[in-house]
Amino acid sequence: MPPTGLTMINCSSKPDELSRPRGRDAPAASLRALATTAALVAGAVSLASEVVWTRALVFFVHNSTYAFSAILAVYLLGIAAGALLAARFARTPAIATRLLAAALAASAFALVGAIAMYRHLPEVAALLAAGPPASPGAPGTTTTAMSLWSWGRALAIIFAQAAAVLFLPAALLGVAFPLTLELAPASERPAALVGRLYAANAVGSVAGAVLGTFVLVALLGTRGALLLLAWLPLPIALWALHASLSAPRARVLAAALVAALAGSSLLAAPRGFYQQLFERRFGRVVWFSEGMTETVAVCEHTDGSRWIQFSDGRGASGTWSFQGGWLYAHLPLLLHPRPRSAAVVCFGTGNTLGAASLHGLETVDGIELSPEVVRAAPLFAATNHGVTTSGRARIVIEDGRSYMLATDRSYDVITEEPPLVHTAGVVNLYS
């Protein structure tokens, strides 16, 4: 996604308006620093939130091109709506400062509220899906028409779930950048003003994308990452509040905002809520880990079987389905006249790799993108033959297709058990 300022630069004051003399309640240098910091933080929070929320939302909307498109569309529409709103009402620097404080404080509460909405998305989806489904074989219907109708409703439900969680926070974050244009010193040239603020917004956007992808969830977990992103706009909102109000009033409002956001955070995001979503959907969680590339849960069902579940809502395999995993290894290795080496792409529970390691091969490599998946392997030792501790196989943490394209090794047998075809990006493995 482009930096949040890209769609907003022309939504605020014109160049001749930017250079007109302005009266301010706060020193020009202070307002300049406030504007630059607000542009930076708005970009960082916006992009980091989009990345982290996309990872969280696929648990319900699933990992497909349609889901990613819906999330991106909602975010862009929200930012555009917020920018349009800011340009309409930010007529003076004093108004812009107050609006900036209100918008950033509201975005903090909206991001916390998004967590509460996210926890109840199953109920939202059920409500949206309610309605008379087409009856198979009903007069005047065809299989094709029914399929298209169902597909269209499925897309609408995906879009509605993304909008229920993300539209309001995106719109409020979109308000910030146009408002910062109103806070520039009167002496600053329009080109320098736009360049400085857009540079700050772009740097924040890049930093947010990197942090959201590689750092926040791995260090803090999904709950911690979402709460941190919700709290980040608040200090800038309090800064703008102090710049636009008298000190006593600003202090009272600041204390009230901090207390209200703290209480809202505790109610909206209770400890362990993300793990509890896995438990409600799949069964008792006996192991749980969140890493840079994946969230992995091992769930135990009422019949005693264990399954590995991922953050996109899919389950790869488990103790109940081990025969299929074994077959992916035994069949090709038995058909090959003299196999000496084998590679297994996609680790899952390790059942396929464990079966391949029993054939006395010189080389057995398992290629898996997520280290969290491999760490869960001991919970399936009964069916994967303890493959991660036996020393009979080598585990490579790498994208399967990238590894095969780059390695100088060749294998007599290459087998894989990738996710379902509709999963976004998995076509590269099926090729």
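**Close-up views of a predicted structure**

**View A. Ser 370 occupies the loop between strand S6 (363-368) and helix H14 (371-375).** The model shown in this and the following views is predicted. Ser 370 has a relative accessibility of 3%, which is under 20%, so the residue counts as buried. Beyond its neighbours within four places in sequence, Ser 370 makes contact with Thr 293, Glu 294 and Ile 397.

**View B. The protein as a whole, for orientation, contains 17 helices and eight strands.** The chain has 431 residues, of which 47% count as buried. Among contacts with a separation of 6 or more, 74% join residues that lie 24 or more positions apart.

**View C. Helix H2 (residues 28-61) and helix H3 (residues 65-89) cross at roughly 145°, their axes coming within 10 Å.** The crossing of these two helices is right-handed. On the H2 side the contact involves Val 45, Ser 46, Ser 49, Glu 50, Thr 54, Leu 57, Val 58 and Val 61, and these meet Ala 67, Phe 68, Ile 71, Leu 72, Tyr 75 and Ile 79 of H3. Sorted by class, the residues of this contact comprise 10 nonpolar, three polar and one charged.

**View D. His 62 is placed in the loop between H2 and H3.** Although His 62 is not a glycine, its phi is positive, at about 75°. The relative accessibility of His 62 is 33%, between the limits of 20% and 50%, and the residue therefore counts as partly exposed. His 62 is also one of the residues in contact with Leu 57, a member of the H2 side of the helix crossing.

**View E. The largest nonpolar core has 81 residues, and those touching the most other members are Leu 34, Trp 53, Leu 57, Leu 100, Tyr 118, Val 165 and Leu 166.** Helix H2 makes the greatest contribution to this core, with 16 residues. Another core, of 22 residues, lies apart from it and includes Ile 308, Phe 347, Leu 353 and Val 374. Once neighbours within four places in sequence are set aside, Leu 57 is in contact with His 62, Ile 71, Tyr 118, Leu 121, Ala 162, Val 165 and Leu 166. Of these partners, Ile 71 belongs to the H3 side of the crossing with H2, while Tyr 118, Val 165 and Leu 166 are named with Leu 57 among the core residues that touch the most other members.

**View F. Ala 240, in helix H9 (residues 233-244), is shown with its surroundings.** Its relative accessible area is 0%, under the 20% limit, and Ala 240 is therefore buried. Not counting residues up to four places away in sequence, Ala 240 touches Leu 34, Thr 97, Leu 100 and Ala 101. Two of these partners, Leu 34 and Leu 100, are among the core residues with the most contacts to other members. Between the C-alpha atoms of Ala 240 and Leu 104 the separation is 9.2 Å, although 136 residues part them in sequence.

**View G. Phe 167 is located in helix H6 (residues 143-181).** With a relative accessibility of 35%, which falls between 20% and 50%, Phe 167 counts as partly exposed. Apart from neighbours within four places in sequence, Phe 167 has Val 74, Leu 77, Gly 78, Ala 81 and Ala 162 as contacts. The C-alpha atom of Phe 167 is 8.3 Å from that of Ile 79, which is 88 residues away along the chain; Ile 79 is also one of the H3 residues that meet H2.

**View H. Cys 299 lies in strand S2 (residues 295-300).** Cys 299 counts as buried because its relative accessibility is 0%, under 20%. Outside the four nearest places in sequence, its contacts are Phe 278, Phe 282, Gly 283, Arg 284, Val 285, Ser 305, Arg 306, Trp 307 and Gln 309. Cys 299 and Gln 309, 10 residues apart in sequence, have C-alpha atoms 7.1 Å apart. Cys 346, at 17% relative accessibility, is likewise below the 20% limit and therefore buried. Searching the whole structure gives zero disulfides.

**View I. His 385 sits in the loop between helix H15 (381-384) and strand S7 (394-397).** This residue is not a glycine, yet its phi is positive, at about 60°. His 385 is partly exposed because its relative accessible area of 28% lies between 20% and 50%.

Key:
Residues are numbered from 1 along each chain as its sequence is written. This is a predicted model: local features need pLDDT of at least 70, side-chain atom pairs count only at pLDDT 80 or more; totals for chains, interfaces and linings use all residues. Side-chain values use heavy atoms; hydrogens and water are left out. Axes are lines fitted to C-alpha atoms, for helices over the stretch in contact, and angles run from 0 to 180 degrees between N-to-C directions. Helices (H or I, at least four residues) and strands (E, at least two) are DSSP runs, numbered from the N terminus. A crossing is left-handed if the near helix is turned anticlockwise from the far one by less than a right angle, and right-handed if clockwise. Contact means heavy atoms within 4.5 Å. Ala, Val, Leu, Ile, Met, Phe, Trp, Tyr, Cys and Pro count as nonpolar, Asp, Glu, Lys and Arg as charged, and the others, Gly among them, as polar. A disulfide is a pair of cysteine sulfur atoms within 2.5 Å. Buried means under 20% relative accessible area, exposed over 50%, partly exposed in between (1.4 Å probe, protein chains only). A nonpolar core is a set of buried Ala, Val, Leu, Ile, Met, Phe, Trp, Tyr and Cys residues joined through side-chain atoms within 4.5 Å.
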